[in-house]
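Me: Could you walk me through this one? I'd like to start with a single strand and then go to the whole chain.
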Amino acid sequence: MTTAALPIDSDLKRKKWMREGLLQAASKSFFSSFTGRSKDSVVYQENNINASEGHTVVFDFEGNLSGKAVKGKETAYGKGETKKQFSSRVTVERYRLVVNNGDSFDGVDVGNLSITQHQDSRRKLADLFVRWKDQALFDAAQGNYKYSPSHIIQFTTTFGFNELLEIEKTLKTSQGFSSGTVRRPLEPYMTKNGEPVWLAIFDSATCAKLRQSSNFQQVVQNADYRGNNNRLIKGVIGKLGHLLIIEAPNFFGETNKTGSWGLNDTEVEIAGLRQYDSTNNAYTGQPGFDYASTLVSKNLILGAGALQAAFGKMPDYKFQESNDFGITSESALEVWCEFQKTRLKAEQKDYKKAKVANIDWGVVVVEVTI
């Protein structure tokens, strides 16, 4: 920006300035490559700038026809199939991320604060927001936030190339889930070069097992398994069949709450996948979690429209001086938003076999005992 001061009392200019900072920080996001404004993206983002507390953002999905044909001169009228329509509604909440500016704003006139000082606060808040948002998506996908997993594929301590083939078979046939009924196969996500894939997002422990397995090593020994067309996507290991394998970061931070938690209960140092401590019934970052226990990696298979990011009113930058004559100050980023796995409601009726409603539309959890 060329302006010398942030007009803290100008609502529109301040919000535009904050939004620009968030866009600049977005490249740091693990999910940035997979986010779009349609159900074809892994993270389906919908914006409703009029939505605030108590308001909902609506996601619509259309279903395809599956009816029988009418033969010969048999009366066809009156046998038309009702068009299938599915939707999901997300209620946005107000969330604020706050930074203590200390004495850095001393000596600056109220209402004419130095843009360079505010830029530092904006940069730090935008960076924190990206990590906080990513962790919300990781937690939602793993089933730690809002909805428990509807479909799980389980493996013991063995995990290699053969297990990848088992995953792909289960996704295609709906046979092999350790938890969950027959469901519609995940819609594939389309890469930049037009390939239909499912994203296999594994944590570092699962990726280590995969790389150490002899059958996987034999497959990739003479193959360019990474793929030139996928190098813009963070952490890509390779594409095998219809699985695009990506290594995700591990979660570092603290969730100072047992049982289920909300988005306001976690301090995020590094956003990533959590492991489950089955002995102490705790996830990474929760009280009681012990790395020395038997751990279960909860990896993800994501298809198109797997996750939803709902945004309401435009993000805003808030500034407040202390009551003690403004000796110190704090800045805050206020965002109206919510995140969740896609769970669809059938507006008319669901399919008979390839179920869509009331299940994880685009997420399957792959559990590997470490």
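Reply: What follows covers one strand and its partners, and then totals for the chain. The model is predicted, so to speak of local features requires pLDDT of at least 70 and side-chain atom pairs count only at 80 or more, while totals for chains, interfaces and linings use all residues. Residues are numbered from 1 along each chain as its sequence is written, and side-chain values use heavy atoms, with hydrogens and water left out.

Me: Okay, how many residues of strand 18 are buried?
Reply: Strand 18, residues 307–311, has 5 of its 5 residues buried, where buried means under 20% relative accessible area with a 1.4 Å probe, protein chains only, and strands are DSSP runs of E with at least two residues, numbered from the N terminus.

Me: Which residues sit on each side?
Reply: Leu307, Ala309 and Phe311 lie on one side and Gln308 and Ala310 on the other, and both faces are covered. In a regular strand, side chains alternate between the two faces of the sheet.

Me: And which strands does strand 18 pair with?
Reply: Strand 3 (residues 43–47) runs parallel to strand 18 and is joined to it by 5 bridges, whereas strand 20 (residues 329–341) pairs with it in the antiparallel sense, also over 5 bridges; pairing requires at least two DSSP bridges between the strands.

Me: What are the partners of Leu307 there?
Reply: Leu307 is the bridge partner of Val43, and it stands opposite Lys341 in strand 20.

Me: Switching topic, what share of the chain is buried?
Reply: Buried residues make up 48% of the 370 residues, in a chain with 22 strands and 5 helices, the helices being DSSP runs of H or I with at least four residues.

How values were computed: Buried means under 20% relative accessible area, exposed over 50%, partly exposed in between (1.4 Å probe, protein chains only).
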